[in-house]
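Please read the following report alongside the sequence and the model. It takes up selected features in turn, with short headings.

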Amino acid sequence: MKQKKLAILGSTGSIGTQAIDIISAKPNLFHVSVLTANRSYEKLAQQVNRFKPDTVVLCDKKHRIAFLELLKFKPKNILFGQESLEQVTKEAEYDVLLNSLVGFAGFMSTYTALKRGKKVALANKESLVVGGELLSQLEGFKQGNLIPVDSEHSAMLQSMIGENKDSIQKIIITASGGPFRDFSMDALKDVTVQDALNHPNWDMGSKITIDSATMMNKGLEIIEAKWFFGLGIEQIVPVIHPQSIIHSIVEFKDGSSKAQMGPPDMKVPILYAFTYPDRIDFPNKTLDYSELINMELKPVDYNRFPCLELAIEASKKEGGAPAVLNAANEIAVERFLNGEIRYIDIPKIIEESLNHIQFGKEITPETLLYIDKETREYANALLQ
């Protein structure tokens with residue numbers, strides 16, 4: 001496999017740093033051409049000094065001087081501000097763009113890269129949740145240039161290789177159930193931020209960890225899967241799987257099923273997205289079949305996880321509803337992390353926003369930005 005130039009958006013976050021570990025182990029296969037970060041300027045400077053990219057972006061302008069002082073290597077292009085992300089996606093040289101930005105901020109980068117015909121390794125689920133209708137119309141999407149990084153969607157892709165899409169009956173998408181899978185409804189009223197950030201299986205950023213606790217994460221992933229694989233929302237069924245060993249199951253019309261399994265480790269889907277459709281040797285963890293392996297599967301209790309149901313209902317409406325869902329959720333999670341609302345208020349803010357925000361049928365990048373802005377203002381004003 002010839003060396004690939006990689007652009008990593010969000011290089012200092014959980015996915016970005018794991019991608020950096022992979023690149024470090026395989027320097028003959030991967031070259032870093034672009035690095036971007038939001039606020040973590042010290043970590044970004046360390047990465048720049050080590051990997052010597054052509055382009056670097058720091059979104060938070062207030063750390064500009066401190067960041068520049070830490071640079072021992074000066075890239076050709078040093079840019080500042082959120083608006084620079086789209087410029088870099090449009091103009092920089094790269095073979096694969098890893099989009100691991102958090103939230104709706106990642107949509108335009110995915111859109112721009114696909115319009116260029118570039119391969120996108122997608123860890124920013126909001127790109128498809130909010131703009132799946134738009135992305136699916138792009139030639140780059142139709143050519144298969146959007147490769148999933150989420151462990152569940154990577155598992156689906158791996159299980160579908162060699163299969164006809166028309167032979168798929170349904171997809172079982174697994175969820176750990178997070179830290180509250182066995183909590184009573186009363187116990188959920190007293191959940192603290194620290195409780196919600198204590199995920200039993202995965203080590204992730206705070207926003208996605210809260211989404212895992214509410215199971216909104218699984219709702220967003222169901223919408224993602226709908227667009228990734230062109231399936232009906234009713235064909236994607238969530239189940240609780242506490243061990244996070246089975247990442248997804250594809251069930252076919254003849255009654256057979258394929259599952260992709262492995263220990264919870266994001267380096268596997270990141271690496272696969274970089275090398276797809278090939279595989280390379282890498283010392284990722286594997287299951288130990290000499291020991292007893294428990295693999296429990298059970299149905300979802302929607303009363304305990306109302307965010308999941310809200311996501312499924314929003315997806316059925318299409319149009320701007322998923323954009324409202326996503327923006328309201330981002331604001332609600334941020335406010336919960338800041339101690340402004342209770343854990344059980346998160347779905348209330350989302351439902352109220354879905355009922356209130358108006359939108360037309362036509363979806364463009366501009367209308368999505370407008371819906372996002374309106375929803376955030378409304379969700380911020382609720383439960384004050």
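## A salt bridge within helix α17

At 45% relative accessibility, Glu377 counts as partly exposed, a class that lies between buried (under 20% relative accessible area) and exposed (over 50%), with a 1.4 Å probe and protein chains only as cover. Its partner Lys373 is also partly exposed, at 47% relative accessibility. The two form a salt bridge whose closest N and O atoms are 3.1 Å apart, the term being used for a side-chain nitrogen of Lys or Arg within 4 Å of a carboxyl oxygen of Asp or Glu. Both residues lie in helix α17 (residues 365-381), four residues apart, or about one turn of the helix; helices here are DSSP runs of H or I with at least four residues, strands are runs of E with at least two, and both are numbered from the N terminus.

This is a predicted model, in which local features need pLDDT of at least 70 and side-chain atom pairs count only at pLDDT 80 or more, while totals for chains, interfaces and linings use all residues. Residues are numbered from 1 along each chain as its sequence is written, and side-chain values use heavy atoms, with hydrogens and water left out.

## Salt bridges between distant parts of the chain

Side chains of opposite charge can pair when their charged atoms come close. A search of the whole structure finds 22 salt bridges, and one of them joins Asp150 to Lys125, with the closest N and O atoms 3.3 Å apart. This pair links distant parts of the chain, 25 residues apart, since Asp150 sits in the loop between β7 and α8 and Lys125 in the loop between β6 (119-122) and α6 (126-135). Asp150 is buried, with a relative accessible area of 8%, and Lys125 is buried with a relative accessible area of 3%.

A second link of this kind is the salt bridge between Lys258 and Glu163, whose closest N and O atoms are 2.9 Å apart. Here strand β11, which holds Lys258, is connected to the loop between α8 and β8, which holds Glu163, and the two residues are 95 apart in sequence. Lys258 counts as partly exposed at 32% relative accessibility, and Glu163 does so at 34%.

## The five-stranded sheet

An open sheet of five strands runs in the order β11-β10-β8-β9-β12, with mixed pairing, two strands being paired if DSSP finds at least two bridges between them. Its edge strands, each pairing on one side only, are β11 (257-261) and β12 (298-299). Strand β10 (residues 246-252) pairs with β11 in the antiparallel sense over five bridges, and Ile249 stands opposite Ala259 in β11. Helix α12 (residues 216-229) packs on the sheet, where it touches β8 (168-175) and β9 (236-240), contact meaning heavy atoms within 4.5 Å. The direction of α12 makes about 150 degrees with that of β8; the axes are lines fitted to C-alpha atoms, for helices over the stretch in contact, and angles run from 0 to 180 degrees between N-to-C directions.

At the edge strand β12, which contains Pro299, how much of that proline is accessible? Pro299 is exposed, with a relative accessible area of 70%.

## The covered helix α8

Helix α8 (residues 151-160) is mostly covered, with ten of its ten residues buried. The buried residues include Ser151, His153, Met156 and Met160. Among the elements that cover them are β7 (146-148), β8, α12, β10, β11 and α13. The helix is followed by Gly162, whose phi is positive, near 85 degrees.

## Backbone features in loops

Tyr276 and Pro277 are joined by a cis peptide bond, with omega about 5 degrees, and Pro277 lies in the loop between α13 and β12. Two residues other than glycine have a positive phi near 50 degrees, namely Lys52 and Ser244. Lys52 is found in the loop between α2 (41-51) and β3 (55-58) and counts as partly exposed at 43% relative accessibility, whereas Ser244, in the loop between β9 and β10, is buried with a relative accessible area of 5%.
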